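Me: I should like to learn how to read helix packing, sheet order and charged pairs in a structural model. Could you take me through one example?

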Amino acid sequence: MSSAAPWSPADVVPLREPADGVGPVVSTTAELERVIERFAAVDGPVAADAERASGYRYGQATYLVQVRRPGAGTVLIDPVGLPDLSTLGAVVGDSEWVLHAASQDLPGLAEHGLRPASIFDTELAARLLGMERVGLAAVVAEVLGLGLAKEHSAVDWSTRPLPTDWLRYAALDVEVLIDLRDRLAERLEEAGKAEWAAQEFEAVRTAPPPPPRPEPWRRTSGTHTLRDRRRLAVVRSLWSARDASARARDVSPGRVLPDRAIIAAAQALPRHTGQLLALPEFAGKGTRRRAAVWQRAVDEALALPAEELPSLRGPRSDAPPAPRTWADRDPVAARRLSAAREVVTALSTELSIPAENLLQPDALRRLCWTPPDPADATNIAEFLRGRSARPWQVDLFADRFAKVFADL
């Protein structure tokens with residue numbers, strides 16, 4: 001989809017060593033002060049990245065922060081030993097921060113006092129340019145012709161001390177970001193999408209944290225196979241017991257008890273630990289060692305009175321029903337959705353932008369299910385703005401949607 005010249009993986013030059021080498025991880029106040037002096041002595045954007053221990057630790061804490069500024073070099077910081085990095089953020093001031101998939105890193109950076117005044121998101125830029133692969137390694141290969149190794153992308157970054165190979169990987173991730181940003185900015189300008197990108201970047205930077213998910217236990221993989229309230233109660237009880245254990249031990253919940261074990265217990269409804277341990281999903285040493293905890297959670301669910309069992313439908317929501325039901329529930333709304341999706345698909349092809357980046361799918365569904373009255377361009381524009389659509393998206397769609405709605 002991209003309009004850039006074709007490239008071949010054979011042309012990619014592997015990037016194996018950071019230009020400045022791999023320095024020691026900054027972990028003391030004195031070391032941080034020296035970094036701040038270096039960053040204060042130069043100007044320009046700041047490339048940044050953050051590493052978590054997803055899949056290993058509970059939550060999304062940041063265990064390594066990488067920053068680079070032209071003239072100051074690359075710095076790797078241990079935020080466990082230095083939880084307050086606000087002085088670094090202050091010295092950078094209003095300079096632009098360059099990140100890849102910024103929405104993943106900004107919350108963790110903010111927890112340590114790093115709140116950019118403006119950002120450039122290289123992943124989002126790649127999406128707006130219609131690039132088929134938008135992971136950092138793929139974008140760097142296509143745009144810069146450089147090869148980034150990704151074998152350490154899913155390691156346990158809470159490990160101490162961090163292996164040199166991992167630190168090398170972390171340093172290389174920020175080494176290329178500013179050059180990548182400059183090349184992508186040129187392409188955005190040539191494609192007439194620079195202002196669109198700026199609006200998207202600002203929306204990511206200022207996005208509020210997502211609200212807590214109601215009944216998060218319902219996201220347990222396999223829950224959709226259970227059509228019995230008692231079995232759902234077992235899932236809820238086991239999920240809560242697992243979450244409490246994982247939080248207390250600072251371990252990823254999936255490592256404490258896999259989802260498949262929760263679903264297996266909900267299907268079997270074991271009455272004692274012997275029956276529980278007979279399930280293949282509870283054969284692991286760690287799982288067996290805590291068998292009494294898991295059986296107690298099952299027993300609590302089995303003892304609940306009927307009125308305390310979870311519903312089959314899940315929590316109430318103001319979201320529209322599943323689109324597959326619209327034809328029966330509201331045929332006119334179904335026709336609106338079909339027509340609106342055709343508009344989005346056509347523009348997606350014309351502009352080489354994925355449909356989900358052209359307009360938020362939730363906003364599209366809500367508009368089609370409960371459109372404003374009258375559904376003219378002015379009211380549709382106001383509706384879309386109320387659903388966080390950016391000005392460029394409103395400009396693209398308000399008139400088009402009004403026209404197709406009027407023709408139904």
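The dialogue below treats a sheet, then two helix contacts, then a salt bridge.

Reply: Please bear in mind throughout that this is a predicted model.

Me: In what order do the five strands of the open sheet lie, and which are the edge strands?

Reply: One reads a sheet from one edge to the other, noting how neighbours pair. Here the order is E4-E3-E2-E5-E6, with mixed pairing. Strand E4 (73-77) and strand E6 (118-121) are the edges, each having a partner on one side only. On average, and ignoring direction, neighbouring strands are turned by 25 degrees against each other.

Me: In what sense do strands E2 and E5 pair?

Reply: Strand E2 (residues 46-52) runs parallel to strand E5 (residues 96-99), and the two are joined by two bridges. Alanine 47 has valine 98 of E5 as its bridge partner. Helix H7 (residues 177-190) packs on this sheet and touches E2, strand E3 (62-69), E5 and E6. The direction of H7 makes about 95 degrees with that of E5.

Me: How should I describe the packing of helix H16 with helix H20?

Reply: One states the angle, the axis distance, the handedness and the residues in contact. For H16 (residues 331-351) and H20 (residues 391-406), the angle is about 140 degrees and the axes are 10 Å apart. The pair is therefore oblique, since only angles over 145 degrees count as roughly antiparallel. The crossing of H16 with H20 is right-handed. Among the contact residues are Ala339, Val343 and Leu347 of H16 and Leu396, Phe397 and Phe401 of H20. By class, this contact has 11 nonpolar residues, two charged and no polar ones.

Me: At what angle do H16 and helix H18 cross?

Reply: H16 and H18 (residues 361-369) cross at roughly 140 degrees, and their axes come within 8 Å. H16 is therefore oblique to H18, and the crossing is right-handed. On the H16 side the contact involves Ala333, Arg336, Leu337, Ala340, Arg341 and Val344, which meet Leu364, Cys368 and Trp369 of H18. Seven of these residues are nonpolar and two are charged, with no polar residue.

Me: How many salt bridges are found, and with which residue does arginine 168 form one?

Reply: Side chains of opposite charge can pair when their charged atoms come close. The whole structure contains 18 salt bridges. In one of them, arginine 168 pairs with glutamate 17, with the closest N and O atoms 2.8 Å apart. This pair links distant parts of the chain, 151 residues apart: arginine 168 lies in helix H6 (residues 164-175), and glutamate 17 in the loop between strand E1 (13-14) and helix H1 (29-40).

Note on methods
Residues are numbered from 1 along each chain as its sequence is written. This is a predicted model: local features need pLDDT of at least 70, side-chain atom pairs count only at pLDDT 80 or more; totals for chains, interfaces and linings use all residues. Side-chain values use heavy atoms; hydrogens and water are left out. Axes are lines fitted to C-alpha atoms, for helices over the stretch in contact, and angles run from 0 to 180 degrees between N-to-C directions. Helices (H or I, at least four residues) and strands (E, at least two) are DSSP runs, numbered from the N terminus. Angles under 35 degrees count as roughly parallel, over 145 as roughly antiparallel, 65 to 115 as roughly perpendicular and the rest as oblique. A crossing is left-handed if the near helix is turned anticlockwise from the far one by less than a right angle, and right-handed if clockwise. Contact means heavy atoms within 4.5 Å. Ala, Val, Leu, Ile, Met, Phe, Trp, Tyr, Cys and Pro count as nonpolar, Asp, Glu, Lys and Arg as charged, and the others, Gly among them, as polar. Two strands pair if DSSP finds at least two bridges between them. A salt bridge is a side-chain nitrogen of Lys or Arg within 4 Å of a carboxyl oxygen of Asp or Glu.
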